[in-house]
Amino acid sequence: PVGYKENVYITNPNVTKEELDIIRGVSIHSLLGLQNNGRRIKLRCPFHNERTASFFLFPENKYKCFGCGIHGGGALDFTLALGYTFDESLLELSKYL
């Protein structure tokens with residue numbers, strides 16, 4: 001999948017908008033154990049095998065791979081793109097609050 005649209009994954013009626021907004025505040029940097037230094041970070045893409053890094057993580061909490069083309073924003077979007085279900089994503093991201 002290439003990116004996700006806002007609000008398409010709100011499928012759990014037990015999650016309020018306020019709770020979802022808090023989860024959306026989790027940064028991809030913290031999820032990956034990286035420090036946001038205000039610059040883009042170049043990594044090997046977690047979505048496909050590659051020898052040379054083509055995956056960029058931007059300070060605005062967005063990501064893009066110039067190899068496979070996947071892109072998006074926010075840790076919730078990132079975990080969903082990795083294949084987590086919505087509930088699994090919420091559970092994983094709640095560890096970083």
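**Note on the predicted model: sheet, core and two buried residues**

1. The four strands of this predicted model form an open sheet in the order E1-E2-E3-E4, with antiparallel pairing. Strand E1 (41-43) and strand E4 (71-73) stand at the edges and have a single partner strand each, so one side of each lacks a neighbour in the sheet. On average, neighbouring strands are turned by 15° against each other, direction ignored. As general background, strands of a sheet pair through backbone hydrogen bonds, in either a parallel or an antiparallel manner.

2. The sheet may be placed within the whole chain. The protein chain has 4 helices and 4 strands, and from the N terminus its elements follow the pattern α-α-β-β-β-β-α-α. Of its 97 residues, 36% are buried. The chain exposes about 6100 Å², of which carbon and sulfur atoms supply 51%. Among contacts between residues at least 6 apart in sequence, 41% join residues at least 24 apart.

3. The pairings can be followed strand by strand. E1 and E2 are paired in the antiparallel sense over 3 bridges, and Leu43 stands opposite Phe55 in E2. E2 and E3 are also antiparallel, with 4 bridges; here Phe58 has Lys62 in E3 as its bridge partner. E3 and E4 run antiparallel and are joined by 3 bridges, with Gly72 in E4 as the bridge partner of Tyr63.

4. Two hairpins deserve attention. E2 and E3 form a hairpin with 3 residues between them, and Asn61 in the turn has a positive phi of about 70°. The hairpin of E3 and E4 has 5 residues between the strands, and Gly69 takes a positive phi near 90° there.

5. Which residues of E3 lie on its covered face, and which on its uncovered face? Tyr63 and Cys65 belong to the covered face, whereas Lys62 and Lys64 belong to the uncovered one. In a regular strand, side chains alternate between the two faces of the sheet.

6. The largest nonpolar core contains 21 residues, and Tyr63 and Leu93 have the most contacts inside it. At least two residues of this core come from each of helix H1 (17-24), helix H2 (28-31), strand E2 (55-58), strand E3 (62-65), H3 and helix H4 (86-94). H3 supplies the largest share, 5 residues. In soluble globular proteins, nonpolar side chains tend to be buried together.

7. Is Asp77, a residue of helix H3 (residues 75-81), buried or exposed? Asp77 counts as buried because its relative accessibility is 2%, and the cut-off for a buried residue is under 20%. The side chain of Asp77 is joined to that of Tyr63 by a polar contact of 3.1 Å. Tyr63 thus appears in several points of this note: on the covered face of E3, among the residues with the most contacts inside the core, and in this polar contact.

8. Ser89 lies in helix H4. Ser89 is buried as well, because its relative accessible area is 0%. Leaving aside residues up to four places away in sequence, Ser89 touches Leu76, Thr79, Leu80 and Tyr84. Asp77 and Ser89 are 12 residues apart in sequence, and their C-alpha atoms are 8.9 Å apart in space.

Terms used
Residues are numbered from 1 along each chain as its sequence is written. This is a predicted model: local features need pLDDT of at least 70, side-chain atom pairs count only at pLDDT 80 or more; totals for chains, interfaces and linings use all residues. Side-chain values use heavy atoms; hydrogens and water are left out. Buried means under 20% relative accessible area, exposed over 50%, partly exposed in between (1.4 Å probe, protein chains only). A polar contact is a pair of N or O atoms within 3.5 Å; within protein, one must be able to donate a hydrogen and the other to accept it, and residues adjacent in sequence count only if both atoms are side-chain atoms. Contact means heavy atoms within 4.5 Å. Accessible areas come from the Shrake-Rupley method with a 1.4 Å probe; for residues, only the protein chains shown count as cover. A nonpolar core is a set of buried Ala, Val, Leu, Ile, Met, Phe, Trp, Tyr and Cys residues joined through side-chain atoms within 4.5 Å. Two strands pair if DSSP finds at least two bridges between them. Axes are lines fitted to C-alpha atoms, for helices over the stretch in contact, and angles run from 0 to 180 degrees between N-to-C directions.
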